[in-house]
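This report describes how the strands and helices of one protein chain are arranged, and then turns to its cysteines and to one loop residue. The sequence and the structure are shown first.

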Amino acid sequence: CPQVPELDKATVRTLRPERVRRIIRSLREQGAAKLQVISDFDMTLSRFACNGRRCPTSYNILDTSRVISEASKKKLQDLLHYYYPIEIDPSRTLEEKRPLMVEWWTRAHELLAQQKIHKHDIAQIVRESEAMLRDGFKEFFDQLLKSNIPLFIFSAGIGDILEEIIRQANVFHPNIKVVSNYMGFDEKEVLTHFKEPLIHTYNKNNTVLQGTAYFQQLSTRTNIILLGDSMGDLTMADGIPTVENILKIGFLNDKVEERRGTYLEAYDIVLESDETLDVVNGILRYILTE
C-alpha cells in the first residue's frame, strides 16, 4: 500500500494484503465521520518492553508498588504464575478458560482490597512506575481528537491506573471512553472493593456492554479500527449494532514464533515485537488526510 509506507516496516505481517488494502481504501473513502477506534490498553497502547526489560501492566504497577505488603505481593505473584499459563494456553478452550479467569481476577481483587490503598496514592504510584505508552502515542491520541474520532478503550486492567497513565502523558482527551475494572472507595477514600462488572481477558464483548448507551450513540460510526494484543481482544467490537468495515491490528509481543500462525489467522495486520504506534498512525494519516 504505497500510500501507507509504514506497512513496509519489517515488523509488519499479513496473510491477506489485498483485503487490508481494500479495507484501508474504504475507510479513507468514507472518512472520519464514520470511523471509531476500539483499543485494548495494556501491552497495546502501553509498551510491552523497553531496553530488553518488560514494562508493567496496570495490575503490575499496583501489585509491585510500595502500598502492597510483601506477603500480598508474593500471593499476587503466585496467582500470576498459576493462571497466566492457562490464559495463553492455545490447547485450552475459551469455555475452560473463562471461569478460571473470573477466579483469578476475583482473588486478585480481594487481595488488593485488603491493602487499605488510598485514592490519593494512585497518581504517585503511577509516577514511580515504569509504565510507558508506545512510541508515537501523542500523534495517535492527538490525531483522533483533532478529527473528532471516538477512542473506546476496553481493558481488563485497572481503569483508575490506566486513566492516570494517560492523564500523566497529557493525552486524556474528551473523545476517550474507558470500560475497565474500577476501584470502589469508602468515604475515607480507601479501596474496599472493585466495581462490577468484572472484566477479564475473555469477556471483552457485548455481554459486558449490554445496556450501555455508548455504542448506540455511535450508530453512524460503522467503520472500526480495532487494536489488541491477545485473542480475547478480537471480540471488543461485538457490542456494535452495525459494522461496515473493521480493520483488526494485533500486537504480537511475546512468544512470536509459536503464536505467529494464530495471530495471522485472527488479525488483518500483525505487528511483531513493535513498540511503536507507527503503523497505526500511518494508516490514520492516510485515512484522515484530505
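## Sheet, helices and cysteines

Strand E5 (residues 151-158) is mostly covered, with 8 of its 8 residues buried. This and every other statement here refers to a predicted model. On one side, E5 pairs with E2 in the parallel sense over 3 bridges, and within this pairing Ser 39 stands opposite Ile 153 in E5. E5 also pairs with strand E6 (residues 176-181), again in the parallel sense, over 5 bridges, and here Ile 158 stands opposite Asn 181 in E6. Between E5 and E6 the chain passes through helix H7 (residues 159-168), and the resulting β-α-β crossover is right-handed.

These strands belong to an open sheet of 7 strands, ordered E1-E11-E10-E9-E2-E5-E6, in which the pairing is mixed. Its edges are strand E1 (12-13) and E6, each of which pairs on one side only. E2 pairs with E9 as well, in the parallel sense and over 5 bridges, and the bridge partner of Leu 35 in E9 is Asn 223. The parallel pairings described above are collected in the table.

| Strand pair | Sense | Bridges | Residues opposite each other |
|---|---|---|---|
| E2 and E5 | parallel | 3 bridges | Ser 39 and Ile 153 |
| E5 and E6 | parallel | 5 bridges | Ile 158 and Asn 181 |
| E2 and E9 | parallel | 5 bridges | Leu 35 and Asn 223 |

Two helices can be described by the residues that they bury. Helix H1 (residues 17-30) has 14 residues and reaches 20 Å from its first C-alpha to its last, close to the 20 Å expected at 1.5 Å a residue. The buried residues of H1 are Val 20, Ile 23, Ile 24, Ser 26 and Leu 27. Seen down the axis of H1, these residues fall within an arc of 160°, so they line one face of the helix. What covers them includes strand E2 (35-39), strand E9 (223-228), strand E10 (245-252), strand E11 (269-272) and helix H11 (278-288). Just after H1, Gly 31 takes a positive phi of about 80°.

In helix H10 (residues 256-266), the buried residues are Val 256, Arg 259, Arg 260, Tyr 263 and Leu 264. Viewed down the axis of H10, they fall within an arc of 145°, and they therefore line one face of that helix. The buried residues of H10 pack against E1, E10 and E11, whereas on the other side of H10 Glu 258 and Glu 265 are exposed.

The structure holds 0 disulfides. Cys 50 is in no disulfide, and the nearest cysteine sulfur, that of Cys 55, is 5.4 Å away. Why does Cys 55 form no bond with Cys 50? The sulfur of Cys 55 is 5.4 Å from that of Cys 50, the closest cysteine sulfur, which is too far for a bond, given that a disulfide requires the sulfur atoms to be within 2.5 Å. Cys 55 counts as buried because its relative accessibility is 6%, under the 20% cut-off.

Thr 57 lies in the loop between strand E4 (53-54) and helix H2 (58-63). With a relative accessible area of 18%, Thr 57 is buried, and, leaving aside residues up to four places away in sequence, Thr 57 touches Asp 42 and Met 43.

Notes: Residues numbered from 1 in each chain as written. Predicted model: local features only at pLDDT ≥ 70, side-chain atom pairs only at ≥ 80, totals over all residues. Heavy atoms only, no water. Helix = DSSP H or I, 4+ residues; strand = E, 2+ residues; numbered from the N terminus. Expected span 1.5 Å × (residues − 1). Buried < 20%, exposed > 50% of the residue type's maximum accessible area, 1.4 Å probe, protein only. Arc of directions from axis to C-beta. Contact = heavy atoms within 4.5 Å. Pairing = 2+ DSSP bridges. Right-handed = clockwise from strand over helix to strand, strands pointing away.
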